[in-house]
Amino acid sequence: MSLATDSIFIAAIQSNTELMERIGARLYGTAIPLPDEDADNVPVPYVIVTFDGLNNDTDTKDCSYESDYDRVNIGVEVTAETLTELHNLTQAVRETILAYMKTQKEELGDEFTIDDFTFAAQAIQFDSLKPCYWQVLTYQCDVRNLLNEDNDEQD
């Protein structure tokens with residue numbers, strides 16, 4: 001299910017208990033829920049996984065309406081108090097996600113909907129109001145469009 005690809009990335013990060021301890025279990029989907037607007041900033045480090053949209057890959061003339069693949073964009077924002085800590089955390093997050101994806105593909109085979117992804121990292125930023133360093137890791141995923149598989153089975 002392409003529209004829930006961010007949940008796979010959350011599960012990937014949660015699979016590394018040491019990493020979860022390092023971030024104090026502060027792993028969020030989309031945004032940090034702060035019920036009290038007068039509350040202090042959430043302490044760092046933390047990680048936010050965002051679903052940054054998708055495009056159905058209609059590069060072939062043979063597809064009618066939707067193709068077999070969606071190109072899903074996922075952002076993983078990592079924050080830390082120091083630049084060195086940010087370097088270490090982003091590397092740990094990257095390694096954790098890669099290991100999880102490989103394991104899931106081996107264990108689940110075609111049941112795992114992410115066929116492949118490309119990785120990139122945005123510039124390191126500094127937020128003087130918190131203060132903290134942060135960087136967004138970006139993943140462009142090729143995800144099988146299960147809608148087409150459902151329609152093929154019905155035909």
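This tour moves through a predicted model, from its first helix to its nonpolar cores and then to its paired strands.

Begin by selecting helix 1, which spans residues 5-14. Within this helix, T5, D6, I8, F9, A12 and I13 are buried. Looking along the axis shows why they lie on the same side of helix 1: they cover an arc of only 155 degrees around that axis.

Next, keep F9 and I13 highlighted and add V76; these are the residues with the most contacts inside the largest nonpolar core, which has 29 residues. To see where this core comes from, colour helix 1, helix 2 (17-22), strand 2 (46-56), strand 3 (69-80), helix 3 (83-108), strand 4 (114-121) and strand 6 (132-144), each of which supplies at least two of its residues. Helix 3 gives the most, with seven residues.

Now centre the view on I13. Leaving aside residues up to four places away in sequence, I13 touches L19, M20, L27, V47, V49, V76, V93, T96 and I97. Another core lies apart from the one just visited; this second core has six residues, including V42, Y46, I48 and C132.

Y46 also leads to the strands. Select Y46 together with T79 of strand 3, which stands opposite. Strand 2 and strand 3 pair in the antiparallel sense, over nine bridges.

Finally, follow strand 3 to its pairing with strand 6: these two strands run antiparallel and are joined by twelve bridges. To locate this pairing, select A80 and Y133, the latter in strand 6, which stand opposite one another.

Key. Residues numbered from 1 in each chain as written. Predicted model: local features only at pLDDT ≥ 70, side-chain atom pairs only at ≥ 80, totals over all residues. Heavy atoms only, no water. Buried < 20%, exposed > 50% of the residue type's maximum accessible area, 1.4 Å probe, protein only. Helix = DSSP H or I, 4+ residues; strand = E, 2+ residues; numbered from the N terminus. Arc of directions from axis to C-beta. Core = buried A, V, L, I, M, F, W, Y, C linked by side-chain atoms within 4.5 Å. Contact = heavy atoms within 4.5 Å. Pairing = 2+ DSSP bridges.
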